[in-house]
Amino acid sequence: MNQIKRIGIMGGTFNPIHQGHLLLAEQAREYCELDEVLFIPSGNSYMKDSSEILDGEIRIFMTAAAIEDNPSFTLSTMEMEREGATYTCDTIQDLREKEPFAQYYFIMGADSLFSMESWKDPGEIFKNCILVAAARDSRDTFSLTEKATELQAKYQARIIILPERKIDISSSEVRSRIREGKSVRYMIPDKVIDYISSNHLYCGG
């Protein structure tokens, strides 16, 4: 009997991708014994202001450059290829249709777990995958555990809380530092820094 494949899903605008994304994905891969982690840059996100989000092809290039050295990380452009707004529930359903016997693990930060009930069809997400949420500190872990218990009771959600991690980086912070001419070394991969610098990205307004 073949072993069930475990696939992690790492979604986001990746505007730009940073070391926090990569660390979270690697921590989830190891902790949950995942066979693969799919990095899926979002297309037209209905939850974010599109005026600040760079063109999809640029974000795809940066993501590919950031993960190319990890054989367990794979780039998927499926959300870019979908017309209209992109929804997590649809992405997971599409993945399940392609590999129906795989077990999917949706990897997220603490903030996402707290806001999930405002997403489209959260019940479908809970039904089709296991959630893997990252805590930043002990206080975060306590709050996440409470929220996980609530979601488990309401939706029969399956939720894994990762051990605390100490790196806390946001894409908005990275963009702000670039606009201010400050260093982002060690916050994002060197290949991504080189690409941003040579193409003068995030420098305006």
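Me: Why is Glu 36 called buried?

Reply: In this predicted model, where local features need pLDDT of at least 70, side-chain atom pairs count only at pLDDT 80 or more, and totals for chains, interfaces and linings use all residues, Glu 36 has a relative accessible area of 15%, and buried means under 20%, exposed over 50% and partly exposed in between (1.4 Å probe, protein chains only), so Glu 36 counts as buried. Residues are numbered from 1 along each chain as its sequence is written, and side-chain values use heavy atoms, with hydrogens and water left out.

Me: What makes the contact of Glu 36 with Lys 5 a salt bridge?

Reply: The closest N and O atoms of the pair are 3.3 Å apart, and a salt bridge requires a side-chain nitrogen of Lys or Arg within 4 Å of a carboxyl oxygen of Asp or Glu, so the pair qualifies. Glu 36 lies in strand β2 (residues 36-41) and Lys 5 in the segment before β1 (6-12), so the salt bridge ties together parts that are 31 residues apart in sequence; helices (H or I, at least four residues) and strands (E, at least two) are DSSP runs, numbered from the N terminus.

Me: Why is Lys 5 called partly exposed?

Reply: Its relative accessible area is 31%, which falls in between the limits for buried and exposed, so Lys 5 is partly exposed.

Me: How do you know that Asp 69, which meets Lys 191 in a salt bridge, is exposed?

Reply: Asp 69 has 64% relative accessibility, whereas Lys 191, at 37%, counts as partly exposed.
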